[in-house]
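Colleague: I'd like to go through this model with you and hear how each label is earned. Can you put it up?

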Amino acid sequence: MKILLLGKNGQVGWELQRALQPLGQVIALDRTMNENGLCGDLADFDQIQNVFEKVQPAIVVNAAAYTAVDKAESDQETVDQINHLAVKKLAELCKLQNCLLIHYSTDYVFNGEGETAWSENDQSEPVNFYGQTKRLGEIAIEQSGCAYINFRTSWVYGTYGHNFIKTMLKLASSRKELSIINDQIGAPTGAALIADVTCQALKYYLLVDLDQQKQLQGHYHLASTGRCSWYEYAQFIFDLAKQKGQNLTIQKVNPIETSAYPTPAKRPLNSRLNTMKLQTNFKIHLPHWRLGVAQVLEEIIQ
Ligand SMILES: NC(=O)c1ccc[n+]([C@@H]2O[C@H](COP(=O)([O-])OP(=O)(O)OC[C@H]3O[C@@H](n4cnc5c(N)ncnc54)[C@H](OP(=O)(O)O)[C@@H]3O)[C@@H](O)[C@H]2O)c1
């Protein structure tokens with residue numbers, strides 16, 4: 001079975017390169033041309049079409065996306081191209097070639113109001129351009145009629161790539177005082193967990209009959225259990241890094257409100273995701289966010 005992985009060098013893509021291996025032959029691409037003349041640039045759809053023709057995948061895993069949330073506000077044409085229009089074409093190709101599309105989306109499809117964890121069927125209402133294009137990508141997948149599983153996740157970090165843990169460690173090694181947002185609530189979710197859950201779900205999906213597969217297709221919320229604010233997340237990182245012997249200069253951390261830290265893109269306050277559907281349908285256990293953060297922190301420090 002051939003599995004086409006797009007976005008192999010992102011946080012999630014990197015972990016998928018490892019995790020997908022036992023499931024089949026993985027053809028992992030980034031946006032450069034590889035030695036076999038295959039290029040996974042979502043901005044160049046002729047190349048993607050060429051990849052489909054040459055590879056004939058049974059499963060496409062799309063971990064590529066435009067993820068620079070603030071930059072997205074001023075780079076709208078490119079963001080729409082990658083997160084929406086390319087996803088639409090990808091889904092149409094999957095439908096045409098009868099292959100399963102695994103895609104990733106975000107809690108930013110919701111408006112962030114209230115304190116209840118979002119369920120898959122809750123009304124989407126993105127508050128920034130990145131979220132809007134991610135939702136448009138989802139709608140395009142729904143409308144294509146292809147077989148798909150779309151994992152909406154949140155606050156992604158990994159050993160590989162840029163993320164909050166690395167930024168905090170860097171800042172805490174040069175500053176004495178930091179102000180961190182305390183009114184946005186979510187669950188940090190590891191790229192390794194996302195990749196492993198993807199494969200566990202895929203394995204389950206491949207073992208059931210066609211009717212059951214149809215039942216399983218759709219949107220799923222995938223996040224660690226527990227919840228925290230960015231301030232609590234940062235405190236956990238600093239405390240653990242100190243315990244592990246890191247020489248941090250940070251002495252004071254101030255909790256602040258989102259309104260005190262204006263950014264080009266508005267952020268939802270409530271990023272809680274209800275993961276019951278994923279846990280029930282695919283018999284998956286999700287760990288507490290602190291476990292994965294502690295492990296990655298140790299890997300980064302080492
Ligand atoms: N990061 C988060 O906090 C977060 C939260 C919720 C949901 N998500 C979703 O989770 C998924 C994975 O995110 P991530 O954190 O792994 O993102 P990431 O680390 O930013 O990786 C995204 C990857 O997409 C690639 N890419 C960008 N434009 C491309 C193009 N034109 N053609 C092909 N590849 C392109 C990038 O390639 P280059 O390396 O060449 O730039 C990068 O490798 C995405 O769908 C994202 O929307 C992420």
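Colleague: Where does Lys283 sit, and what makes its phi worth a remark?

Modeller: Lys283 is in the loop between helix H10 (276-281) and helix H11 (289-301). Its phi is near 55°, a positive value in a residue other than glycine. Keep in mind that this is a predicted model.

Colleague: What about Gln56, and where is that one?

Modeller: Gln56 is not a glycine either, and has a positive phi of about 50°. You'll find Gln56 in the loop between helix H2 (45-55) and strand S3 (59-62).

Colleague: On to the ligand. What makes Asp41 a polar contact of the ligand?

Modeller: The cut-off is a pair of N or O atoms within 3.5 Å. An N or O atom in the Asp41 side chain is 3.0 Å from a nitrogen atom of the ligand, so by that cut-off the pair counts as a polar contact.

Colleague: And how do you know that Leu42 and Thr67 belong on that list?

Modeller: For Leu42 a polar backbone atom does the job, 2.9 Å from a ligand nitrogen atom. With Thr67 a polar side-chain atom lies 2.6 Å from an oxygen atom of the ligand. Set against 3.5 Å, both pairs therefore pass.

Colleague: How much of the ligand does the protein cover?

Modeller: On its own the ligand has 900 Å² of accessible area, and the protein covers 81% of that.

Colleague: Which residues make up the shell around it?

Modeller: There are 23 residues around the ligand, with Arg31, Leu42, Thr67, Tyr130 and Lys134 the closest. By class the shell has 11 nonpolar, nine polar and three charged residues. Helix H1 (11-19), strand S4 (100-106) and helix H5 (129-144) each give two or more residues, and S4 gives the most, with three.

Colleague: What is there to say about the second largest pocket, and why is a residue called part of its lining?

Modeller: The second largest pocket holds about 390 Å³ of space. A lining residue has an atom within 4 Å of a pocket point, and 17 residues line this pocket. The closest to its centre are Asn98, Ala147, Tyr205, Leu210 and Gln217. Two or more lining residues come from each of helix H4 (76-96), helix H7 (191-207) and helix H8 (210-216). H8 gives the most, with three.

Colleague: What is the mix of classes in that lining?

Modeller: The lining has 11 nonpolar, four polar and two charged residues.

Colleague: Last one: which domain does UniProt list?

Modeller: The unreviewed UniProt entry lists "domain: RmlD-like substrate binding" for residues 1-300. Over that stretch the chain is 42% helix and 16% strand, with the end C-alpha atoms 34 Å apart.

How values were computed: Residues numbered from 1 in each chain as written. Predicted model: local features only at pLDDT ≥ 70, side-chain atom pairs only at ≥ 80, totals over all residues. Heavy atoms only, no water. UniProt positions renumbered as here; feature names shortened; annotations may be inferred. Helix = DSSP H or I, 4+ residues; strand = E, 2+ residues; numbered from the N terminus. 1 Å grid on protein atoms, 1.4 Å probe; cavity = no way out; pocket = protein on both sides within 12 Å on 5 of 7 lines; lining within 4 Å. Points joined across faces, edges and corners; volume = space filled by probe spheres on them. Nonpolar A, V, L, I, M, F, W, Y, C, P; charged D, E, K, R; others polar. Near = heavy atom within 4 Å. Polar contact = N/O pair within 3.5 Å; in protein donor to acceptor, adjacent residues only side chain to side chain. Areas by Shrake-Rupley, 256 points an atom, 1.4 Å probe, with all protein chains shown as cover.
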